[in-house]
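Got the viewer open and a selection box ready? Let's take a walk through this one, stop by stop.

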Amino acid sequence: MLITERDRLREDVMAVAQLTGFNRASLIPILREVKEKYRGVDSYAMQLIADVLGIHPVEVYAVATFYAYTQPEAEGRFVFRLCRTLSCDLASKDIVARQLQKDLGIGFGEATEDGVFSLEWANCMGMCDQGPAMLVNETVYSRLTPEMVHEIVDDYRSHKEGRATKRAPERTA
Amino acid sequence: MNSDSMVTTVANELTFASVPPGEGLAKALAMSRVEIIDTVRDSKLKGRGGAGFPTGIKWNFAAAEKHPRKYIICNADEGEPGTFKDRLILTEYADLVLDGMTIGARAMNAALGLIYLRAEYGYLRSRLEEAIHARREAGLLGVDIGGIKGFDFDIMVAMGAGAYVCGEETALIESLEGFRGEPRNRPPFPVVSGFLSRPSVVNNVETLAWVSCIFAKGVDWFKSVGTDLSTGHKLFSVSGDCERPGVYEFPFGITVGELLKEVGGEDAKAVLIGGASGRCVPRSQFERRLAFEDIPTGGSVVVFGPGRDMLAIAHNLLDFFVDESCGQCTPCRLGNGKLLEGVEMLQAGTCTLEYLNDLKALANTMQVAAKCGLGQTSSVAFLSILEHFGDDIHES
């Protein structure tokens, strides 16, 4: 990581902490912000966050690895999360899963080499009446068919820039 | 097919659509704290998340605590498989939920409300924050709300990060505090020591919306539907093999068969009531009632048509629990994996009768030995499938 990049990361972490407080309760908002912006949480980022919050880095690691949305591993700019839970399963999520793997060229739990896409399973995302459903970052797609998957992937491929949503830092007490 | 589809969920006629935002809150703010709590207690409203704890009693516990800083937390971590009613409520009737939180804050003297919104519902966040902002502008949040001197209250949205177990209230609080979502020992209950060790009430989204309706339409109206022990209406999230999946409001006490008729699922061979942590009800028991005194539920109804392979369903559910167990206690962390392995052996035809009995004993042990609701209920569906569809399994 470049020194300038490290400086930027510190600024981003501090910006969230300034809103949410320099305390433990800011850990998840910070982790989500870092994951969102840097697509992963590497060991330098974990040490930095620990330092800012005054906790041990292993605490940061323990929390980051617990939640689906804060996993340390690098992910693509567009994260495809296909629901695998019961109702979507009954609605033939398997054929949608096959199409996603084919069109993205990666398996579940993997990211493309260019860092643009990653593919993950999601556990029930509350779209059970409209399965199979998936999220791409924060956009919901429901009643999926393999044909639709093909179109959606094409669409993201041709709009590689600028489609990722940027969330505002979050606040807690 | 895009994010607009989140509002296309089919629903029957909902009470929430007929209650104007602000009406219940205005009536509640004209009451004393004690009157508010008495009203909720008289309504016999029980928690709509599934556990069914009486809301008025919970509020009363928190009100009795003398701490200067208390919290009311809205549990919007709707993660139970097959449940999506809270998504609909937060999308279309958020103000009823915010009204309910404000009423609760008044009753127990809470300084801050937190909405713990699951990561997967991130697209609802800006909508909720706009609604909160509009309330601040309108004087419904802030200082001296409703002209009541000293009634200061604000609401914030806190995001989850993707963990089913955080729907359990103490795990939710751990997550709010920046820890792994590992459930705490109870007692102390959150009403005594919750968020930041301060008294905290955690209520489900739907519960809070019903609170607003109770104040708007009256306790008698609320109690006139449902059963003695399960008053009022309940929202059901219906999915699976039926003609009209969606969100349905029915009075508590409706039978499984009646519900299936309404949603076009009459030919079902079984339904899963209560999501992955619920139970599988076979056709022979479709006359049973959905109510806390018969089949309790948070409202998840997944319909299984005649051709469905019940073992595949058990497999899907256990796979879910293996992934979502927080790993803190052994019965849940290892037990779910063993049950999943057992289902795979059953599917492969390599499970002996003796081992099947071991699995059943393990499932029962998990129900008594696991620390939280997740581990205590994860084997319920598995056991009910073995009990009611044992013949299917022996044939396969």
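Here is a tour that goes from chain A to chain B and finishes where the two chains touch. One thing to keep in mind throughout is that the model is predicted.

**Stop 1: the two domains of chain A**

Colour residues 3-70 of chain A one way and 78-158 another. Those ranges are domain 1 and domain 2 of chain A. If you drop a pseudo-atom at the C-alpha centre of each domain, you should find 28 Å between the two centres.

**Stop 2: a helix pair in chain A**

Now select residues 93-104 and 146-158 of chain A, which are helix 6 and helix 7 of that chain; their axes come within 9 Å and cross at roughly 30°. An angle under 35 degrees counts as roughly parallel, so helix 6 of chain A is roughly parallel to helix 7 of chain A. Helix 6 of chain A passes helix 7 of chain A in a right-handed crossing.

Turn on side chains for the contact. From helix 6 of chain A, show A:Ile95, A:Val96, A:Gln99, A:Leu100, A:Asp103 and A:Leu104; from helix 7 of chain A, show A:Pro146, A:Val149, A:His150 and A:Val153. Colour this contact by class and you get seven nonpolar, two polar and one charged residues.

**Stop 3: backbone oddities**

Most residues other than glycine have a negative phi, and most peptide bonds are trans. With that in mind, go to A:Arg143. This residue is not a glycine, yet its phi is positive, at about 45°. You'll find A:Arg143 in the loop between strand 5 (139-141) and helix 7 of chain A.

Next, zoom in on A:Gly131 and A:Pro132, which are joined by a cis peptide bond with omega about -10°. A:Pro132 sits in the loop between strand 3 (117-122) and strand 4 (134-136) of chain A.

Jump over to chain B for another cis bond, between B:Arg186 and B:Pro187, where omega is about 0°. The loop that holds B:Pro187 runs between helix 7 and strand 4 of chain B.

**Stop 4: the four-stranded sheet of chain B**

Stay in chain B and switch to cartoon. Look for an open sheet of four strands in the order 3-2-1-4, paired in parallel. Which strands are at the edges? Strand 3 and strand 4 (200-204) of chain B, each of which pairs on one side only. From one strand to the next, the twist averages 25°.

Select strand 2 and strand 3 of chain B: these run parallel and are joined by six bridges. For a specific spot, label B:Gly113, which stands opposite B:Ile155 in strand 3 of chain B. Then add residues 125-137 of chain B, helix 6, which packs on the sheet and touches strand 2 and strand 3 of chain B. The direction of that helix makes about 170° with that of strand 3 of chain B.

**Stop 5: a crossing in chain B**

Select residues 94-108 and 205-217 of chain B, helix 5 and helix 8. Their axes come within 7 Å and cross at roughly 80°, which makes helix 5 of chain B roughly perpendicular to helix 8 of chain B.

Show the residues that make the contact. Helix 5 of chain B brings B:Leu96, B:Val97, B:Asp99, B:Gly100, B:Met101, B:Ile103 and B:Gly104, while helix 8 of chain B brings B:Val205, B:Leu208, B:Ala209, B:Val211, B:Ser212 and B:Phe215. By class, this contact of helix 5 with helix 8 of chain B has nine nonpolar, three polar and one charged.

**Stop 6: the five-stranded sheet of chain B**

Another open sheet of chain B has five strands in the order 6-5-9-7-8, with mixed pairing. Strand 6 (246-251) and strand 8 (279-282) of chain B are its edge strands, and the twist averages 30° from one strand to the next.

Pick out strand 7 (residues 270-273) and strand 9 (residues 300-304) of chain B, which pair in the antiparallel sense over four bridges. Label B:Ile273 and then its bridge partner in strand 9 of chain B, B:Val301.

**Stop 7: where the chains touch**

Finally, show both chains and select the contact: 49 residues from chain B and 39 residues from chain A. On the chain B side, at least two residues each come from strand 2 (112-117), strand 3 (154-159), helix 7 (169-176), strand 5 (233-240) and helix 11 (310-324). Helix 11 of chain B gives the largest share of that side, six residues. Colour the side of chain B that touches chain A by class, and it divides into 24 nonpolar, 17 polar and eight charged residues.

Technical notes. Residues are numbered from 1 along each chain as its sequence is written. Chains are lettered from A and ligands numbered from 1 in the order in which they are written. This is a predicted model: local features need pLDDT of at least 70, side-chain atom pairs count only at pLDDT 80 or more; totals for chains, interfaces and linings use all residues. Two residues are in contact if their C-beta atoms, placed from the backbone, lie within 7 Å. Ala, Val, Leu, Ile, Met, Phe, Trp, Tyr, Cys and Pro count as nonpolar, Asp, Glu, Lys and Arg as charged, and the others, Gly among them, as polar. Domain bounds come from an automatic or database domain assignment. Two strands pair if DSSP finds at least two bridges between them. Axes are lines fitted to C-alpha atoms, for helices over the stretch in contact, and angles run from 0 to 180 degrees between N-to-C directions. Angles under 35 degrees count as roughly parallel, over 145 as roughly antiparallel, 65 to 115 as roughly perpendicular and the rest as oblique. A crossing is left-handed if the near helix is turned anticlockwise from the far one by less than a right angle, and right-handed if clockwise.
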